[in-house]
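Hi,

Here is the structure I promised to pass on. Have a look at it first, and then read my notes below.

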Amino acid sequence: MGITITKEQNAKAASTIAAAISKRFSDGGINAESVSHSNDKKLDFVRITCEPNQWRAVAKWLAHEGGVGHCSMVTGTHFPDGPAERGWEVVVHLMKWPIVNVAAHSMIVHDPSKFKTEEVPMEFEVVIPIAAGDSPSIPTVQDIWVGADWNEKETWDLVGIDFEGHVNMHRVLNPHDSPVGFHPLQRQHKIRYHDFNEMYDDPQGFGRKPVDEGRVK
Amino acid sequence: MAEMWITMGPQHPMTHGLWTMRVKVDGETITDTEAELGYIHRGVEKICESRDFTQITPYCDRLCYVSAMTWAHSYVMAAEDLLEAEVPERAEYIRLMAAEIQRLASHLMWLGAFGPDIGNLTLMTWCLRDREMFLDLLQELGGSRMHYNFPRVGGVKRDIPIGWADRMRAKVKLFEHRIDEYEMLLDESTIWLVRLQGVGYATAEDQLNAGVTGPNIRAAGVNTDARWTNPYSVYDQVDWEPAVEKPTSVKGADCYDRYRVRMEEMRQSCRMLLDAIEKIPGGSNTHYQPGDEMILTKAPTRAPEGATGFSTYECTRGVSQFYLKGGGDSRGKNPYRMSIRSPIFITIPYVAKSMIGYKIADIPAIMGSFDPCIGESDR
């Protein structure tokens, strides 16, 4: 049988870490909670909500005290119609894995049934709302996790959220000669094929009306 | 000697796709590198904001042209999380088998392309011969040889055909012997050993910090695998253990270790397939009609604003992740934002930097051993 992390191990670890974060940052108003997926087979994860100016403190604590060694994904989102305090949002996904260097000619084969609570792998989702405006920015964590480097480059390139203090920021997916200020995932840019908006904006295709026009399911 | 910059790519055989590596050399020694991606950026994340959740699956197939099934599977898991859909047990088993067959096909494509990098052209013909067997199996499921559009939100498109189980068993058992043949060919080849051993060292902690995942990190001696650390599907019910390799040096895994771990991973996939086909609920020689509740449940089509869906998935090259936000256009039928984590997008800059100190002739061996795929990294 394959090895796995049990629901109980995971729930205990998630609530322990969430409580530790809430305790450490209680005066800063940072909220950490253990969140369950809709599918109850999937394991819980820890969701942290913080302000842009608190992000580096949280990141340093997670990396040095929380054992979080891996920045897996950075997602920027543009909310042009959102409230003034959430015109943009950055969601950072982090991973805690029991990975250490091994000696030559040896290996570590983890047996999850023997894990202590602090060794259980855990996913983190850090939600950072940014105030509406033309120049959204949050501090970089490039120096804490090397893996955040290109994730942040990509977020700036596609969404236009700036990372203060990021060294060597440049376009990674768009051409280097893209116009300054052009970030395609901002919502004011619409997909079109020459002038045929319908062709791509209408999921039913070619200007036909959707079959459920006027009905709300 | 004066240092100079050499541009390798975008059409260099080492790149395994379209990207550029600029290499600064001092004589034969690499002193600095810069990676440049984005040649085949198609804006999948933007396109998907105007597609409904079913229409997105074919785009995710096209993210990686050698591992379409795993990417579509990863996406539908995130969509199921967002839309709160349930998946029948039989469909989970079919998805698991489809993903593992795809892993075999993808690793064979990697080995086949890696051979000529090292100077062993025979390997390419052998690997493509065996890959055909697995593409045939996937074609029976999805109807196509490359982009299957097979997983659905809430299940799978079609059940396994009558007789598929026997064909699969026969092919997997044959392939288990073929893995031994490959090892006989390669592990005693002086060229193979000389070019792979002692180059491209990467330690586990460095790779973790730099965002490298999957077989590359398991080659460095740790059995971390998202199939058990972030369990999904029915991997806890079938017989397998994560492939892991003992690195030959304190400096971490070299190219040879990364080759060994993928060979072991193919063996584990075979083991999983043979076990899953015995345990599949409803029997392996039964065929349920498309849409039957054994293989597909009806899933909601709209997600409200504020809802999020997330999946972590052990893809063939590392951990892929999808993050979806609900409440997009067409009254919630489209995602507001779809974000993709590509393992190779993060790996390429790390590998480029880890080459510093080695010789120019080592570049194809180091790059190839990390299994780059540009389709997924450029998106």
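Below is what I found, starting with how to read the model.

This is a predicted model, where local features need pLDDT of at least 70, side-chain atom pairs count only at pLDDT 80 or more, and totals for chains, interfaces and linings use all residues. Residues are numbered from 1 along each chain as its sequence is written, with chains lettered from A and ligands numbered from 1 in the order in which they are written.

The model scores ipTM 0.88 and pTM 0.89. For chain B, the mean pLDDT (the predictor's confidence in each residue, from 0 to 100) is 90, and 100% of its residues reach 70 or more.

On to the strands of chain B (strands are DSSP runs of at least two residues, helices H or I runs of at least four, both numbered from the N terminus). E1(B), residues 3–8, has zero buried residues among its six; buried means 20 or more other C-beta atoms, placed from the backbone, within 10 Å of the residue's own. E1(B) runs antiparallel to E2(B), residues 20–26, and six bridges join them. One bridge there pairs B:Glu3 with B:Asp26.

Chain A has an open, mixed sheet of five strands in the order E1-E2-E5-E4-E3 (strands pair if DSSP finds at least two bridges between them). Its edge strands are E1(A), 31–35, and E3(A), 70–78. E1(A) is antiparallel to E2(A), residues 45–49, through five bridges, and A:Val35 stands opposite A:Phe45.

Cheers

Definitions and conventions. Buried ≥ 20, exposed ≤ 12 C-beta atoms within 10 Å, placed from the backbone.
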